[in-house]
Amino acid sequence: MSATADHAEERTNPAGRLGFQPGQVVQEIGYDDDVDQELREAIEEAVEGDLMDEDYDDVADAVVLWFRDDDGDLTDALVDATTYIEEGGAILLLTPKTGRSGYVEPSDIQDAATTAGLTASKSVSVGKDWSGSRLATPKAAKPKK
């Protein structure tokens with residue numbers, strides 16, 4: 001495949017745009033009937049494996065967290081999600097778009113991410129009904145020489 005085709009695929013494949021790569025272990029939290037199946041399949045294709053469910057008890061490279069306004073406390077959900085991923089890993093927080101049932105205000109996402117010790121990127125559209133925010137965990141401090 002040419003470099004141009006690779007770049008075109010990154011633009012059209014939301015999983016590629018979100019940074020998922022082959023060989024990553026990705027845990028999925030908050031799965032329900034309303035999730036975007038096409039996005040789930042795109043992530044599985046990008047990582048070349050299945051998404052791990054909430055019962056997965058090993059460390060993951062990333063977490064996909066589906067969260068709706070009535071799912072409880074977002075800060076708690078983010079803190080819990082960080083326990084499942086490696087240092088420097090990412091959480092893809094997926095929330096319903098504006099006007100959809102379960103919509104979460106961007107300011108609430110920013111506040112919860114900051115409180116949970118995460119760095120939030122801008123929100124991106126990842127499907128017809130869902131927006132995604134990539135949240136990064138802090139990397140370990142490098143030892144001083």
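Helices and strands here are DSSP runs, numbered from the N terminus. Keep that numbering handy, because "strand 4" on this tour is counted that way. One more thing before you start clicking: this is a predicted model.

**Stop 1: the whole chain**

Show the protein chain as a cartoon. You should find five helices and five strands. Walking from the N terminus, the elements run α-α-β-α-β-α-β-α-β-β. The chain has 145 residues, and 40% of them count as buried. Now think about contacts between residues at least 6 apart in sequence: 74% of these join residues at least 24 apart.

**Stop 2: the second largest pocket**

Select Val-104, Pro-106, Ile-109, Ser-123 and Ser-133. Of the 15 residues that line the second largest pocket, these lie nearest its centre. Four elements each give two or more residues to that lining: strand 3 (85-96), helix 5 (106-115), strand 4 (119-125) and strand 5 (130-136). Which element gives the most to the lining? Colour strand 4, which gives four residues. As for the pocket's volume, that comes to about 160 Å³.

**Stop 3: a salt bridge between a helix and a strand**

The structure holds five salt bridges. Start with Arg-40 and Glu-28, and show their side chains. The closest N and O atoms of this salt bridge are 2.7 Å apart. Arg-40 belongs to helix 3 (residues 37-47) and Glu-28 to strand 1 (residues 26-29), so the pair links distant parts of the chain, with the two partners twelve residues apart. Are these two residues buried or exposed? Arg-40 counts as buried because its relative accessibility is 15%, and Glu-28 counts as buried because its value is 6%; the cut-off for buried is under 20%.

**Stop 4: a network, then a pair of neighbours**

Next, select Asp-34, Arg-68 and Asp-71. A network of salt bridges links these three. Zoom in on Asp-71 and Arg-68, whose closest N and O atoms are 2.9 Å apart. Their surroundings are worth a look: Arg-68 is buried, at 7% relative accessibility, whereas Asp-71, at 38%, is partly exposed.

Then move to Lys-128 and Asp-129. They also form a salt bridge, and here the closest N and O atoms are 4.0 Å apart. Turn on the surface and you can see where they sit: Lys-128 is exposed at 64% relative accessibility, while Asp-129 is partly exposed at 29%.

**Stop 5: a buried charge with no salt bridge**

Finish at Asp-36, in the loop between strand 1 and helix 3. Asp-36 is buried, yet it has no salt bridge. Which side chain of opposite charge is nearest to Asp-36? That would be Lys-97, 8.0 Å away.

So what does the side chain of Asp-36 reach? Show the backbone atoms of Glu-38 and Leu-39. The side chain of Asp-36 comes to 3.0 Å from the backbone nitrogen of Glu-38. One of its polar atoms also lies 2.9 Å from the backbone nitrogen of Leu-39.

For a last selection, leave out the neighbours of Asp-36 within four places in sequence. What remains in contact with Asp-36 is Trp-66, Val-126, Gly-127, Lys-128 and Trp-130. You have already met one of them: Lys-128, the salt-bridge partner of Asp-129.

Definitions and conventions: Residues are numbered from 1 along each chain as its sequence is written. This is a predicted model: local features need pLDDT of at least 70, side-chain atom pairs count only at pLDDT 80 or more; totals for chains, interfaces and linings use all residues. Side-chain values use heavy atoms; hydrogens and water are left out. Buried means under 20% relative accessible area, exposed over 50%, partly exposed in between (1.4 Å probe, protein chains only). Lys and Arg count as positive and Asp and Glu as negative; His and the chain ends are not counted. A polar contact is a pair of N or O atoms within 3.5 Å; within protein, one must be able to donate a hydrogen and the other to accept it, and residues adjacent in sequence count only if both atoms are side-chain atoms. Contact means heavy atoms within 4.5 Å. On a 1 Å grid over the protein atoms alone, a cavity is a set of points where a 1.4 Å probe fits but cannot get out, and a pocket is an open set with protein on both sides within 12 Å along at least five of seven lines; lining residues have an atom within 4 Å of a point. Grid points are joined across faces, edges and corners, and a volume is the space filled by probe spheres set on the points.
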